[in-house]
Amino acid sequence: MNTAMYEAATRSQVFGYVLILVVGAACVGGLIWAFRLGFKVRQREPAPPRPEEQPKLPTTGPVRESHEMREPEDVPRAADGNERLTPHQLTNVRSRRADDQRRPRWSPGSSGSFGGGGGGRT
C-alpha cells in the first residue's frame, strides 16, 4: 500500500466526522430554537386562574342527575302525502318524555345478543 491510499482514506474519514458534527450541531440548534419558541408562546398565554377565580359550588348544593326514559318524536310527513320531504324541511331529532318510565329489561329466556350463546326464545 502506498501513502496515497492512506491519505484518501483519512480524507473520507475526516469528511464523515465533520458531517456528523455539522448534523449534530444542526439538531442541537433546532432543539434550542424549538424550546425558545415554545417558551415565547407560553409567555403569551393567559395565566392560570387564581383560587378566588375558580368555579364555586351553587348555594343549593351539587346539581343532581335526572334519569328518565325518552322516546323519539315522529318524523314529519309531507302535506299531501305524495311529496318527499327534503333535508332542509326536516327539523332536529327531538324526543319527549315516555309514558312508561320503567327501564327496559331482557325477556326471560332470550340470549341477550346475537351469538351470545344462550338458547334463545323458542
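## Salt bridges and surface: worked exercises

A search of the whole structure turns up seven salt bridges. Keep in mind that this is a predicted model.

**Exercise 1. Work out the overall make-up of the protein chain: how many helices and strands are there, and in what pattern do they follow along the sequence?**

Step 1. Start with the elements: the secondary structure comes to one helix and two strands.

Step 2. Now put them in order. Along the sequence, the protein chain reads α-β-β.

Step 3. Turn to burial. The protein chain has 122 residues, and 2% of them count as buried.

Step 4. Add the surface: the accessible area of the protein chain is about 12300 Å², with 59% of it belonging to carbon and sulfur atoms.

Step 5. Finish with contacts. Among those in the protein chain with a separation of 6 or more, 49% come from residues 24 or more positions apart.

**Exercise 2. Find out which residues form a nonpolar patch together with Val-14.**

Step 1. Locate Val-14 first: it sits in helix H1, which covers residues 3-44.

Step 2. Check how open it is. Val-14 has a relative accessible area of 44%, so it is partly exposed. A patch residue needs over 30%, and Val-14 at 44% clears that.

Step 3. Pick up the partners: Val-14 forms the surface patch with Val-18 and Val-22, and together they have about 240 Å² of accessible area.

**Exercise 3. Identify the salt-bridge partners of Arg-96, and say which parts of the chain the pairs tie together.**

Step 1. Recall the principle: side chains of opposite charge can pair when their charged atoms come close.

Step 2. Take the pair with Glu-71. Its closest N and O atoms to those of Arg-96 are 3.3 Å apart. Arg-96 lies in strand S2 (residues 95-97) and Glu-71 in strand S1 (residues 70-72), so this salt bridge links parts 25 residues apart in sequence.

Step 3. Now the pair with Glu-73. Here the closest N and O atoms of Arg-96 and Glu-73 are 3.1 Å apart. Glu-73 is in the loop between S1 and S2, while Arg-96 is in strand S2, so the parts tied together are 23 residues apart in sequence.

Step 4. Compare the side chains with the cut-offs, where partly exposed means between 20% and 50%. Arg-96 has a relative accessible area of 32%, Glu-71 has 28% and Glu-73 has 39%, so Arg-96, Glu-71 and Glu-73 each count as partly exposed.

**Exercise 4. Look around Glu-71: which residues does it touch, leaving out those up to four places away in sequence?**

Step 1. Glu-71 belongs to strand S1.

Step 2. With sequence neighbours up to four places away left out, Glu-71 touches Ser-95, Arg-96 and Ala-98.

Step 3. Then look at Arg-97. Glu-71 and Arg-97 are 26 residues apart in sequence, yet their C-alpha atoms are 6.4 Å apart in space.

**Exercise 5. Trace the salt bridge of Glu-53 and say what its partner is.**

Step 1. The partner is Arg-50, and the closest N and O atoms of the two are 3.2 Å apart.

Step 2. Check both ends for exposure. Glu-53 is partly exposed at 45% relative accessibility, and Arg-50 is partly exposed too, at 47%.

Notes
Residues are numbered from 1 along each chain as its sequence is written. This is a predicted model: local features need pLDDT of at least 70, side-chain atom pairs count only at pLDDT 80 or more; totals for chains, interfaces and linings use all residues. Side-chain values use heavy atoms; hydrogens and water are left out. Patches are made of residues with over 30% relative accessible area and no salt bridge: like charges are joined within 9 Å, nonpolar side chains (Val, Leu, Ile, Met, Phe, Trp, Tyr) within 5 Å. Accessible areas come from the Shrake-Rupley method with a 1.4 Å probe; for residues, only the protein chains shown count as cover. A salt bridge is a side-chain nitrogen of Lys or Arg within 4 Å of a carboxyl oxygen of Asp or Glu. Helices (H or I, at least four residues) and strands (E, at least two) are DSSP runs, numbered from the N terminus. Buried means under 20% relative accessible area, exposed over 50%, partly exposed in between (1.4 Å probe, protein chains only). Contact means heavy atoms within 4.5 Å.
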